[in-house]
Amino acid sequence: MSDCPEILAEVRGKTGFITLNRPKALNALSLGMVRELARVLQAWRDDPAVLAIAIRGNGREGPFGAFCAGGDIRFLHRAGCDGNPQLEDFFTEEYQLNHLTHHLGKPYIAFMDGIVMGGGMGISQGADLRIVTERTKMAMPETGIGLFPDVGGGYFLSRAPGHVGEYLALVGNVIGAGDALAFGLADGFVPAERLAALWDGLAGEFANSQAVSDYVRQQFAAAPESPASAQREAIDRIFGLGSVKAIIEALEGGAHADGEAAWAAETAQTLRKRSPLMLHVVLEQIRRGRQLSLAEDLRMERDLVRHCFYLRDERQKNSETIEGIRALAVDKDHQPQWKPARIEEVDEREVAAFFDSPWPAAAHPLAALD
């Protein structure tokens, strides 16, 4: 077993098993967890005796039930306010970990049961086999805390069909297994009651990595319905528009097809609660992300997250991210004071500044990613 109690790691048979073990925090990632995950994955990547790697989360009542709720946002808030250099370490090392999960060279199997949000998406979207269940609650809800869908979100969300990526990134809604499968964010559905048997079965004898993958795919069941797919035409039409202002105007405009009006009103209401500045940044992030490799996208996101905490003159008072986390998780008043307060008031020059890298290319923290 691993020395780190928040990460449990063992090899059984020819498979490496990882369990995120911080259930009271819904397995939110700490810097220590990021480092231990990277260490274990690198060791197993280079070990020919390990044919495959599986990852799950422990829930409050035992294995499964909660995958990972994201990064430890209370730590990010404290570090941002205090100027703690570990804030920089966290994002650099987390993004390196995200890149690693896409390049293991052997089957990586993510059991995405329960909550899978933010950083949880970052350590699962690189998996070869992304398993969802009827309990899966998936989202990239970062615009609600004045952040953006990082951990490679610009890469994997932008590759969802049509303009679903813009929709999920801007609105941050929770989706279930059916939508995750329909939108290319999962590979197979397995009922939650069958997860334990599948997990234990991975410890059996397999001739090679392909045999492991075949075994997992044989356990997939029929996919559930995709509720959000009923609005695909509207999603593509509206979230394909050229600006956040155009998107909100289309949602609030009132000329909607049958069955679309309620969805449009609810979506507009949600967007009005998000950080107006970060909505503009996120739309640009997703649009740029479509043209970038994963490494290029992660470098862009490393620039963005640096600006989220340090761009403005007085970061403790003016960071949208620090204010968003304060309102959600620290003071819990759920009344963030966004600056500016409305979508229509955002200065495009301020948006553009987010995409200026603080580092020369050769000195970028993620320069070594390829």
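In the predicted model, the hairpin formed by β1 and β2 has 2 residues between its strands, and G13 adopts a positive phi near 65 degrees there. The two strands, β1 covering residues 7-12 and β2 covering residues 15-20, run antiparallel and are joined by 6 bridges. Within this pairing, A9 of the hairpin is placed opposite I18 in β2.

The segments flanking the hairpin are themselves linked through side chains, since R22 and E6 meet in a salt bridge with an N to O distance of 3.8 Å. Because R22 lies in the loop between β2 and α1 (31-45) whereas E6 belongs to the segment before β1, this pair ties together parts of the chain that are 16 residues apart in sequence. A search of the whole structure returns 25 salt bridges. In general terms, side chains of opposite charge can pair when their charged atoms come close.

Backbone geometry was examined next. Most residues other than glycine have a negative phi, and most peptide bonds are trans. Against this background, N27, which is not a glycine, has a positive phi of about 60 degrees; N27 is located in the loop between β2 and α1. A cis peptide bond, with omega of about 0 degrees, joins K339 and P340, and P340 is situated in the loop between α16 (320-330) and α17 (348-353).

At the level of domains, the assignment for the protein gives domain 1 (7-219) and domain 2 (230-363), with the C-alpha centres of domain 1 and domain 2 lying 24 Å apart. The contact between them involves 47 residues of domain 1 and 49 residues of domain 2. The size of an interface is often given as the accessible area lost when the parts come together. For domain 1 and domain 2 the buried area is about 4,100 Å², to which carbon and sulfur atoms contribute 67%. On the side of domain 1, H77, F148 and L170 supply 16% of the area buried against domain 2, which is more than any other three residues.

Polar and charged interactions also cross this interface. Between domain 1 and domain 2, 4 salt bridges are found, and 20 residue pairs are in polar contact when both residues are required to have pLDDT 80 or more. The elements giving two or more residues to the side of domain 1 that touches domain 2 are α2 (73-82), α3 (86-101), α5 (153-156) and α6 (164-171). Classified by residue type, that side of domain 1 has 20 nonpolar, 21 polar and 6 charged residues. A further salt bridge assignment concerns E166 and R287, whose side chains meet with an N to O distance of 2.7 Å.

Towards the end of the chain, W359 occupies the segment after α17. When neighbours within four places in sequence are left aside, the residues in contact with W359 are E88, R302, D303, R306, H364 and P365. By contrast, the C-alpha atoms of W359 and G114, which are 245 residues apart along the chain, are separated by 38 Å.

Technical notes:
Residues are numbered from 1 along each chain as its sequence is written. This is a predicted model: local features need pLDDT of at least 70, side-chain atom pairs count only at pLDDT 80 or more; totals for chains, interfaces and linings use all residues. Side-chain values use heavy atoms; hydrogens and water are left out. Domain bounds come from an automatic or database domain assignment. Contact means heavy atoms within 4.5 Å. Buried area is the accessible area (1.4 Å probe) that two parts lose on being put together, summed over both. A salt bridge is a side-chain nitrogen of Lys or Arg within 4 Å of a carboxyl oxygen of Asp or Glu. A polar contact is a pair of N or O atoms within 3.5 Å; within protein, one must be able to donate a hydrogen and the other to accept it, and residues adjacent in sequence count only if both atoms are side-chain atoms. Helices (H or I, at least four residues) and strands (E, at least two) are DSSP runs, numbered from the N terminus. Ala, Val, Leu, Ile, Met, Phe, Trp, Tyr, Cys and Pro count as nonpolar, Asp, Glu, Lys and Arg as charged, and the others, Gly among them, as polar. Two strands pair if DSSP finds at least two bridges between them.
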